[in-house]
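Reader: Could you walk me through this model, one question at a time?

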Amino acid sequence: MATAWQALGSEVVLLARGSRLLPHLEPFAGELVAERLREAGADLRFGVTVSSAARTGGEVRLALSDGGRLTADEILFATGRAPRTGDLGLETVGLPPGEWLTTDDTLTVTAVPGGWLHAAGDVNRRALLTHQGKYQARIAGAVIAARACGTPLDSATSPALSSTTRATGAGPARSSSPAAAPSSASPSPARAWPSSCTPVTVAITGEIPVERLWHAVPPFPTISEVWLRLLETYRYQRARL
Ligand SMILES: Cc1cc2nc3c(=O)[nH]c(=O)nc-3n(C[C@H](O)[C@H](O)[C@H](O)COP(=O)(O)OP(=O)(O)OC[C@H]3O[C@@H](n4cnc5c(N)ncnc54)[C@H](O)[C@@H]3O)c2cc1C
């Protein structure tokens with residue numbers, strides 16, 4: 001919000017309790033954002049909290065924990081998000097109400113035995129973004145359906161293994177997963193959005209299987225979501241075959 005208000009022409013003073021911005025990301029990310037904010041004229045102060053605040057007339061006067069004082073037109077508190085799980089009855093399954101729901105990679109809540117409780121979206125605190133929540137919902141749906149059908153979930157190996165052709169004497173020929181579109185294909189969206197070609201170029205030259213492309217999550221709201229629509233169309237058409 002500091003970036004937004006500064007860009008709108010406000011004179012921004014950003015007070016941070018910690019020693020850096022965006023503490024949940026790599027340090028360089030916070031440093032870059034801080035650098036840009038300073039370049040734009042924002043005043044960034046770290047390790048400081050508000051001791052008191054009072055509005056007198058049109059202004060707000062702040063006393064700070066480091067002894068400093070500020071006068072501002074408005075104060076915006078950005079205190080983060082809290083899970084709204086206080087009244088869901090979590091205590092009936094042995095979980096503390098009002099807490100985040102910790103999940104494994106199948107979006108199954110780890111603290112509940114039996115693997116029947118799933119949590120997708122902000123509530124699991126993995127990535128508090130719309131497109132990540134939608135991605136998690138797809139994963140959770142696939143996991144629930146697979147378990148209901150008694151089919152095993154995808155397994156992961158290290159190093160990662162995949163095959164597209166028969167290895168000599170190594171069993172039946174099979175394609176483990178459909179490959180991305182052949183490089184000779186000329187997708188029409190390429191003409192409309194040349195820069196959008198890059199992801200599909202990487203996918204083709206890297207021979208990335210379509211199944212794996214599901215995990216390249218396009219941010220919301222961006223034009224990159226066109227690739228999500230194409231994958232959904234592909235899945236729909238394949239299901240009808
Ligand atoms: C100001 C702001 C801007 C944001 N901008 C972006 C952005 O540009 N791009 C982006 O990717 N993300 C953005 N986000 C994050 C994004 O909004 C969330 O990550 C996303 O909405 C999470 O989806 P969700 O379904 O997990 O939770 P929510 O969208 O919060 O949905 C939870 C739903 O459950 C309902 N609910 C709660 N308790 C109960 C109950 N007991 N019974 C029934 N229903 C209940 C709620 O009413 C709500 O409708 C923004 C968030 C904020 C706060």
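Here are a few questions and answers on the sheet, the core and the ligand shell.

Author: This is a predicted model, in which local features need pLDDT of at least 70, side-chain atom pairs count only at pLDDT 80 or more, and totals for chains, interfaces and linings use all residues. Residues are numbered from 1 along each chain as its sequence is written.

Reader: Which strands stand at the edges of the open sheet?

Author: Strands are DSSP runs of E, at least two residues long, numbered from the N terminus, and two of them pair if DSSP finds at least two bridges between them. The sheet has the order β3-β4-β5 with antiparallel pairing. Each edge strand has a single partner, so one side of it is left without a neighbour in the sheet; these are β3 (50-56) and β5 (69-72).

Reader: What is the bridge partner of alanine 63 in β5?

Author: β4 and β5 run antiparallel and are joined by 4 bridges. In β5, alanine 63 has as its bridge partner arginine 69.

Reader: How many residues make up the largest nonpolar core?

Author: Such a core is a set of buried Ala, Val, Leu, Ile, Met, Phe, Trp, Tyr and Cys residues joined through C-beta atoms within 7 Å, where buried means 20 or more other C-beta atoms within 10 Å of the residue's own, with C-beta atoms placed from the backbone. Its members are Leu101, Leu107, Val109, Ala119, Ala120 and Val143, giving a total of 6.

Reader: How many charged residues does the shell around the ligand have?

Author: A residue is near the ligand if its C-beta atom, placed from the backbone, lies within 6 Å of it, and Asp, Glu, Lys and Arg count as charged. The residues around the ligand include Arg84, Asp87 and Asp122. By class, the charged residues in the shell number 3.

Definitions and conventions:
A residue is buried if 20 or more other C-beta atoms lie within 10 Å of its own, exposed if 12 or fewer, and partly exposed in between; C-beta atoms are placed from the backbone.
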